[in-house]
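Student: Please take one part of this model and go through it closely. Give the cut-offs as you go.

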Amino acid sequence: MGGGATDASTAPPYSLPPSLFMPEDILFCVDIGPESGRQMRVSGPKGNNVLTRLDAIKQALLLFAHAKLTMCMDHRFAFSYLGSSFSMVKEFTNNIKSVAEVVRTLTTPDVLSEDVDITKLFEVANCEGNKSRALGHLFRVVLIYCRSSVWPQYKWPAKQKTFTMDVVYLHDKPGPDNCPQLVYDALGDAAEQVSEHVSYIFETGQGLTRILFRHMCILLAHPIQRCAQDDIDMPKPVVKRVLPGGGDGTMGEERAVISNLFKH
Amino acid sequence: MAPHPPLPPPIAAQLNHLLAYSPLPFKVEQIWSGCRNGRYSDRFTLLIPFCLDYIKWDVIFSAYHPSAVPDFIFSAEDVDFNPLLEAHEKEAGANGLAVASPLVDWNYKDPSRLLNLVCHLRDSYVSYQKKKAEQVDDERMRFEISTVLARKGTEIFVASFPDRDEVKFTIPIPDLEFNKLVTPCPWKQEQKIYLQASFVVAKGYTTTAPVPRLKLVSTQDLKPFLNVDDIKLIPWSDEMCMLTYLSDLEVKLNDQVVEAVAGVAKRRRFIEALSPFFGRPLEADPVFCRRASVLGISGVFTFLVHFSIPLQFPTKQPTLKLESVQHFNLNGLPIVSSPINDYPWSPRWDNTEMAERIYDFLVDECLNFKKYCSEKIPATQ
């Protein structure tokens, strides 16, 4: 475990100033195009389980909702999907059983879709965002996208930022027949254009569920309490601290060494 | 509430306005129709907050005449509560014409009229109970009642029985001004603490002064900031009277409030001290600083740690809960540990040391938890 100064040392230290807390209303938009049916890579002894991207996404949604509700019972979730077009599934709920029921209904359609447009998603987000704001809630979109060669189109006014959008991008390894890097860049641009607060975008081409789950957990971060994506310093390792060998350190010295070790 | 046909729009407007704009927390217990199989409901039971309890009044409209002023049916115990007669007697003296104006002035098109009327009747009820209290046949009680009634906002409730009267006071503690103490103020309604004092006054000759049963009650939303159940009340002694007791109580409560404000700051600093060890918390309570959640990793095992910080922090240590990111139960929900609060702790440590010690504890504990999760359900990789 190395020490030394890194990016995070330029970021201001974490502080929790007094402010009102806004419970979140989070609209998930799940890409259920054909590529969501691709298999995840299953490592370990349980190799016989066939898990599609959509299966992993469904599990990740339950994980997210449960963790968020454990933090605060007032957060709420709504679900929508992106097939050849955008479609709402269910309005907001903070009941984990309802969440589980809705998530269970998400399935991959057989329809082959070329272009995909998320203007409707933004329109719904804008409208719902106003309702959430009236209730003292913060509205957020989490887009989970799976296509390696097609990025979503949208028409949205440049300065209109009435909600925040995070993106999780699951894709194939880059090759001659796809362009995940271009798709990633387009998704990032879209998120930056529409987002009112700090938005995060994560990608994985490895197909490992634990990477997906880890990304989803970082997205648990409340947008108003976030740092910039470059300054993210978690998850931090929770492992035995390496103390300096030889000599008696004072309490103060020991502490100084420890905090150096954790700057990364 | 049992399902019921809808209220006609003018009546619904009156009830909705009352529930939305009342300064007190009125509730509706049930709504029903005056006719069997009626198309519309036109009656409801209102729960009127009084003396930290509720009294029930039935409000009787008519679906056939929705513009008419409603009738009220008061509680069976309040047989001699007659607000119209009182108004009649009061006004008759003044101008010879007896009217209770909110009833005569009724205008169904103005949705605020019902709220106005109910508040008016409630004020009459407060006076009615005060008069009942003044008739309690005990010189000592009458003294207590007269001194306490002078305090603004006091309510009295008297229940009479053949052998005794039960007199209950609810006295708001003044000048606590919670809504100004916490900035920004998270409370939409004013937060208050009340002293509830219940006396049982035996009828007939008695030498002993009644000893009250005392209780502190607060508005519900105050609990994350200050829990009155934790405050030990000064015991009542023979030389006391309500006024002196209240005055000592006010001093004590002011001290508690100062401590509560300091408590928020202490908890805030503790949450901030978590970050060098655990990374930036995913989410923390920025108002009362009662909770924070962080994401940790040990090898390839990722997990959440939820901190729940008690009001008695740092005397009492935070409770921890671990949640796996990779292990799910049969319902597909992540596995969570039971609450942990028996790890090494001292209130004398500074915040950094507290965070450090929790970190060290979790190094082994997260591996125990991982083992527990693996044994419970196979991990999905």
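Tutor: Accessible areas here come from the Shrake-Rupley method with a 1.4 Å probe, and for residues only the protein chains shown count as cover. On that basis, chain B has an accessible surface of about 19,200 Å², and carbon and sulfur atoms supply 52% of that area. The model is predicted: local features need pLDDT of at least 70, side-chain atom pairs count only at pLDDT 80 or more, and totals for chains, interfaces and linings use all residues. Residues are numbered from 1 along each chain as its sequence is written, chains are lettered from A and ligands numbered from 1 in the order in which they are written, and side-chain values use heavy atoms, with hydrogens and water left out.

Staying with chain B, 48% of its 381 residues count as buried, meaning under 20% relative accessible area (exposed is over 50%, partly exposed in between; 1.4 Å probe, protein chains only). Eight helices and 13 strands make up its list of elements; these are DSSP runs, helices being H or I of at least four residues and strands E of at least two, numbered from the N terminus. The radius of gyration of chain B is 28 Å, well over the 21 Å from the globule rule for 381 residues, so chain B is more spread out than a compact globule. That radius is taken over C-alpha atoms, and the rule is 2.2 Å times the number of residues to the power 0.38. Along the principal axes, the C-alpha atoms of chain B fill a box of roughly 90 × 60 × 40 Å. Contacts (heavy atoms within 4.5 Å) complete the picture: in chain B, 54% of those with a separation of 6 or more join residues 24 or more positions apart.
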